[in-house]
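Student: I should like to learn how to read a model of a folded chain. May we work through one together?

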Amino acid sequence: MLLETLDVLHNDVVIYSENKFDFKENFKIIFKRADVKRPQKIDYFEVCKFFRDPTPKNIVVYRLLTSNSEIDAYSTKFGYFIMSEKKLELVYFDPIFALKDLSHLKVNLDSADFRFKVQQVGYTATGAKNNECVYSEVYSFDLRAIEAQNQNDKVFASAIFALDESFIDDDGYSAKTESLDNIAEVQDPGSILPNLSKAEISAAENKHPDVNRSKIEKLKESFASNWESNFKAFSAFKDASTDASSEGGAKGTFSDFLHKEKQMKEEAIKGIFENKDDINFQDRDSVVLRFKE
């Protein structure tokens, strides 16, 4: 997952995740106007506040498609609903969250016919509704098995601050990782597989006016009852505690970095984006995945 706020002129931030199934240690935030830019821990529930906030932003998340066309999206435990093109869409902050969610989405994992895709999806904020951010999809592509297993969106943050001498990455923490090496690719999906589809969301706004809030509260209850965020990152962001007039923190975006370095490679542009016409993933193959026996 990557989230970058765009020119709010107060406390622009970059948030990234590292594909670790850890709700307290997986996510990091960097304040772009800080005199010294250093990644700080931010928990899952703080990250959700940034996704909902109507501040202009670009995000990179992940989407699950499966060969089961009757999955109820509202049975998710680890997914997050964003408002996209006037409807809700179920996304995940990392591939591992999508895979861990399969047991909660009422999918028969023992079925030899079960197939799935994990897609990386880029969205940009286009407005707000009921004080919640509305997103528009910019691109999507299927992850290969090795990508789903090893995806680490820290590389995008490193690219954003590659030319910034005030950026210090002294993160020595390594969260315990869980193996995802039981994923294999289907070699000839076109001839043997049905169409893969997203979890079904019907009449979402009428039936579930605030589905995220209810789901997040249930998720908190599944952890320790006294869960507390160690760092109130969203409050710090909204309070704009960093002086917007300070020249100490350069406010360059990933797009600026790409322009300066003239790197228009696929690996560089699949994170933060500015011009939809510059993004072309048509040459990537469609990849269907399965669990190894």
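The questions and answers below pass from the whole chain to one helix, the core and the salt bridges.

Tutor: Please note that this is a predicted model, in which local features need pLDDT of at least 70 and side-chain atom pairs count only at pLDDT 80 or more, while totals for chains, interfaces and linings use all residues. Residues are numbered from 1 along each chain as its sequence is written, and side-chain values use heavy atoms, with hydrogens and water left out.

Student: What percentage of the residues of the chain count as buried?

Tutor: A residue is buried under 20% relative accessible area, exposed over 50%, and partly exposed in between (1.4 Å probe, protein chains only). The chain has 293 residues, and the share that count as buried is 52%.

Student: How many helices and strands does the secondary structure of the chain have?

Tutor: Helices (H or I, at least four residues) and strands (E, at least two) are DSSP runs, numbered from the N terminus. For this chain the secondary structure comes to 10 helices and 11 strands.

Student: Among contacts between residues at least 6 apart in sequence, what percentage join residues at least 24 apart?

Tutor: Contact means heavy atoms within 4.5 Å. Among the contacts between residues at least 6 apart, the share that join residues at least 24 apart is 74%.

Student: Which residues of helix α7 are buried, and why do they line one face?

Tutor: Helix α7 covers residues 211–222. Seen down its axis, the buried residues fall within an arc of 120° (taken from the directions from the helix axis to the C-beta atoms), so they line one face. An α-helix has 3.6 residues a turn, so residues three or four places apart point the same way. The buried residues of α7 are Val-211, Asn-212, Lys-215, Ile-216 and Leu-219.

Student: Which exposed residues does the face of α7 turned away from its buried side carry?

Tutor: The cover over the buried residues of α7 includes α1 (44–52), β6 (80–84), β7 (87–91) and β9 (132–142). The face turned away from that buried side carries the exposed residues Arg-213, Lys-218 and Glu-221.

Student: Which residues touch the most other members of the largest nonpolar core?

Tutor: A nonpolar core is a set of buried Ala, Val, Leu, Ile, Met, Phe, Trp, Tyr and Cys residues joined through side-chain atoms within 4.5 Å. Phe-51, for example, touches residues including Met-1, Phe-93 and Cys-133, not counting residues up to four places away in sequence. Of the 77 residues in the largest core, those that touch the most other members are Met-1, Ile-15, Tyr-44, Phe-50, Phe-51 and Phe-93.

Student: Which residue forms a salt bridge with Lys-32?

Tutor: A salt bridge is a side-chain nitrogen of Lys or Arg within 4 Å of a carboxyl oxygen of Asp or Glu, and the structure holds 13 of them. Lys-32 counts as buried at 1% relative accessibility, and its partner counts as buried at 0%. The two side chains meet at 2.6 Å, N to O, and the partner is Glu-4.

Student: How many residues apart in sequence are the parts that Glu-132 and Arg-52 tie together?

Tutor: Glu-132 forms a salt bridge with Arg-52, the closest N and O atoms being 3.2 Å apart. Glu-132 lies in strand β9 and Arg-52 in helix α1, so the pair ties together parts whose separation in sequence is 80 residues.

Student: Which residues do salt bridges that share partners join into one network?

Tutor: Here the salt bridges have partners in common. The residues joined into one network are Arg-63, Glu-89, Glu-137 and Lys-198.

Technical notes. The expected span of a helix is 1.5 Å times one less than its number of residues.
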